[in-house]
Amino acid sequence: MASPPNIRHEKDCRGTSRNAWQAIGKGMRGICPACGAGRMFRAYLKVNDICLHCGEELYHHRADDAPPYLTILVVGHIVGSLMLLTETYWPDAPIWLHAMIWPTLALILSLWFLPILKGGLIAYQWALRMHGFDGRQASPDQNPASPPQSAGP
C-alpha cells in the first residue's frame, strides 16, 4: 500500500515545493500564496483573478461555503465562551447590556474573521494543487472554474 502524499511539501512538475503552512499564513494575511507580495483580494471578499505581482492565477479557487462555516464556528466559540464567563462572574448583569454586547461583538468578529479564513482556505487549495491550481488545464467534463472576465469599459 502506497503512503499518502506529504501535504506540507507537494512538488510540482518543475520540482518546486509548496509548503501548506506557509501558504495558509500568507493567505490569512491576504497576500498571494505563491510569491507573498501581491494582494489576494481586490475588494473585501473579491479574489483577484491573477496576482498582480507574480501572475499566479487565483481564479481557480472554490471557497464556496467553507469560509462562512469556519467563521461561524470560530466566532460562536469565542462569543459563547465570553457569554458563559460573564454569566459565571457577573450573574446580575442587566439584560440590555447582554443585548448590546453579544450581537455587536459577533458581528465585528465575523466581519474580521471572514476574509482571513477565506484567504487561508484559498491558499490551502493552492498549496494542495486543488481545482486547477496544479497548472494543468482541466478537461471539459470536469466543470472547471470560469476563466477571468475582462473589465468592461
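Colleague: What distance does helix 2 (residues 66-89) reach from its first C-alpha to its last?
Modeller: In this predicted model, helix 2 has 24 residues. At 1.5 Å a residue, 34 Å is expected. The span in the model is close to that value, at 35 Å.

Colleague: Which residues of helix 2 are buried, and which helix is included in what covers them?
Modeller: The buried residues of helix 2 are P67, T71, V75 and V79. Their cover includes another helix of the chain, namely helix 3.

Colleague: How many helices and strands are in the chain, and what pattern do they follow along the sequence?
Modeller: The chain has three helices and two strands. Read along the sequence, their pattern is β-β-α-α-α.

Colleague: Which residues touch the most other members of the largest nonpolar core, and which helix gives the most to this core?
Modeller: The largest nonpolar core has 13 residues, and M40, V47 and I122 touch the most other members. Helix 1 (20-28) and helix 3 each supply at least two residues of this core. With five residues, the most is given by helix 3.

Colleague: Which residues does a second, separate core include?
Modeller: This second core is separate and consists of six residues. Two of the buried residues of helix 2, V75 and V79, are listed for this core too, and the residues included are V75, V79, F113 and L117.

Colleague: Which residues is M40 in contact with, leaving aside its neighbours within four places in sequence?
Modeller: M40 is one of the residues that touch the most other members of the largest nonpolar core. With those neighbours set aside, its contacts are G27, G30, I31, C32, P33, K46, V47, N48, L58, G119, I122 and A123.

Colleague: Is Q125 buried or exposed?
Modeller: Q125 lies in helix 3 (residues 95-127). Beyond four places in sequence, Q125 touches H61, R62, A63, M130, H131 and F133. Its relative accessible area is 4%, under the 20% cut-off, and therefore Q125 counts as buried.

Colleague: Is W96 buried or exposed?
Modeller: W96 is also placed in helix 3. Together with I95, M100 and I101, W96 forms a nonpolar patch on the surface, with about 480 Å² of accessible area. Because its relative accessibility is 54%, over the 50% cut-off, W96 counts as exposed.

Colleague: What share of the area that the chain exposes do carbon and sulfur atoms supply?
Modeller: Of the 153 residues of the chain, 31% count as buried. The chain exposes about 10400 Å², and the share supplied by carbon and sulfur atoms is 62%.

Terms used. Residues are numbered from 1 along each chain as its sequence is written. This is a predicted model: local features need pLDDT of at least 70, side-chain atom pairs count only at pLDDT 80 or more; totals for chains, interfaces and linings use all residues. Side-chain values use heavy atoms; hydrogens and water are left out. Helices (H or I, at least four residues) and strands (E, at least two) are DSSP runs, numbered from the N terminus. Buried means under 20% relative accessible area, exposed over 50%, partly exposed in between (1.4 Å probe, protein chains only). Contact means heavy atoms within 4.5 Å. The expected span of a helix is 1.5 Å times one less than its number of residues. Patches are made of residues with over 30% relative accessible area and no salt bridge: like charges are joined within 9 Å, nonpolar side chains (Val, Leu, Ile, Met, Phe, Trp, Tyr) within 5 Å. Accessible areas come from the Shrake-Rupley method with a 1.4 Å probe; for residues, only the protein chains shown count as cover. A salt bridge is a side-chain nitrogen of Lys or Arg within 4 Å of a carboxyl oxygen of Asp or Glu. A nonpolar core is a set of buried Ala, Val, Leu, Ile, Met, Phe, Trp, Tyr and Cys residues joined through side-chain atoms within 4.5 Å.
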